Amino acid sequence: MSSPEISGILENSKELDRLRKEQEEVLVEINKMHKKLQAPEMVEKPGDNSLSRLKSLYTHAKELSETEVSISTILLNQLDALLPSGPPGQPRRRIEGNDQKRKRMKNDSDISRISTSMRSQLEACSNLKGEQVAARVRLDEADKDEWFVVKVLHFDKETREFEVLDEEPGDDDEGGGQRKYKLPMSRIIPFPKKNDLSNVQDFPTGSQVLAVYPGTTALYKATVVNGHRKRKTDEYLLEFDDDEENGALPQRTVPFQKVVALPEEPRQ
């Protein structure tokens with residue numbers, strides 16, 4: 001057993017320890033943001049970026065988790081290389097059984113770790129069953145993604161995938177009937193709760209959002225003309241991109257529960 005090999009194992013062990021400490025710090029910040037979002041007077045302040053900050057924290061937690069899995073895999077490979085392989089002719093089934101146990105133990109550890117740092121997000125996704133959400137889908141032979149309203153049928157915590165139903169496919173959909181899709185978490189945006197105004201994000205005038213176009217189930221990019229809180233109503237006044245009529249963009253009212261933050265464009 002050489003000194004460089006031991007040194008490599010120790011360095012990776014230190015990195016794992018550092019990652020876990022950083023995960024704990026991020027989790028503390030996430031919990032602070034959750035408490036802040038429960039106080040309406042904090043979220044309602046103009047220019048408040050609480051939701052953007054929370055999204056950034058969850059993204060960072062995901063990156064830390066993925067890095068930890070990568071370092072753990074490297075450590076396992078390093079340890080496997082140092083362990084004796086056993087005498088020739090030893091039954092392979094026995095070795096495979098040990099490998100399966102080690103993998104199962106690792107997976108159990110991953111589940112425990114993930115449930116600590118992302119339990120709230122996964123539970124929130126599970127609770128969306130039966131709800132309508134915004135989904136980004138690439139239809140057959142389409143050259144770009146489209147956003148439209150779907151109904152959540154199921155959320156798989158292990159694969160982190162949603163099974164959703166497009167209840168009202170468009171006229172140009174050759175299938176003609178309802179269609180099901182399996183989509184990752186990154187392609188789903190929950191709508192605000194109509195009966196819970198306290199946690200509704202307030203989009204100031206001039207903000208760009210994603211909203212359901214009146215009379216359809218499709219979502220398009222729009223600009224806020226007046227926020228619903230400012231107008232003392234449950235609606236936003238929006239101007240949709242590429243919605244020109246007679247040389248001007250008409251202003252259309254959209255219920256607040258059909259308006260969400262404009263997501264970042266996916267990297268090509």
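User: In the hairpin that β6 and β7 form, which residue in the turn has a positive phi?

Analyst: This is a predicted model, in which local features need pLDDT of at least 70, side-chain atom pairs count only at pLDDT 80 or more, and totals for chains, interfaces and linings use all residues. Residues are numbered from 1 along each chain as its sequence is written, and side-chain values use heavy atoms, with hydrogens and water left out. Strands here are DSSP runs of E with at least two residues, and helices are runs of H or I with at least four, both numbered from the N terminus. Five residues lie between β6 and β7, and the one in the turn with a positive phi, of about 80 degrees, is G215.

User: Over how many bridges do β6 and β7 pair, and which residue of β7 is the bridge partner of V209?

Analyst: Two strands count as paired if DSSP finds at least two bridges between them. Strand β6 (residues 208–212) and β7 pair in the antiparallel sense over five bridges, and the bridge partner of V209 in β7 is A222.

User: Which residue of β8 is the bridge partner of N226?

Analyst: Strand β7 (residues 218–226) is also joined to β2 by two bridges, and these two strands run antiparallel. With β8 (residues 235–240), β7 pairs in the antiparallel sense over four bridges. In β8, the bridge partner of N226 is L237.

User: Which element gives the largest share of the largest nonpolar core?

Analyst: A nonpolar core is a set of buried Ala, Val, Leu, Ile, Met, Phe, Trp, Tyr and Cys residues joined through side-chain atoms within 4.5 Å, where buried means under 20% relative accessible area, exposed over 50%, and partly exposed in between, with a 1.4 Å probe and protein chains only. Of the 16 residues in the largest core, F162, V164, L183 and I188 touch the most other members. Elements that give two or more residues to this core are α4, β1, β2, β3 and β4, and the largest share, four residues, comes from β2.

User: How many residues does the second, separate core have?

Analyst: This second core includes I9, L19, L57 and I71. Among the buried residues of α3 are L57 and I71. The second core, separate from the other one, has 14 residues.

User: How far does helix α3 reach from its first C-alpha to its last?

Analyst: The expected span of a helix is 1.5 Å times one less than its number of residues. Helix α3 (residues 50–82) has 33 residues, and its reach is close to the 48 Å expected; from first C-alpha to last, α3 reaches 48 Å.
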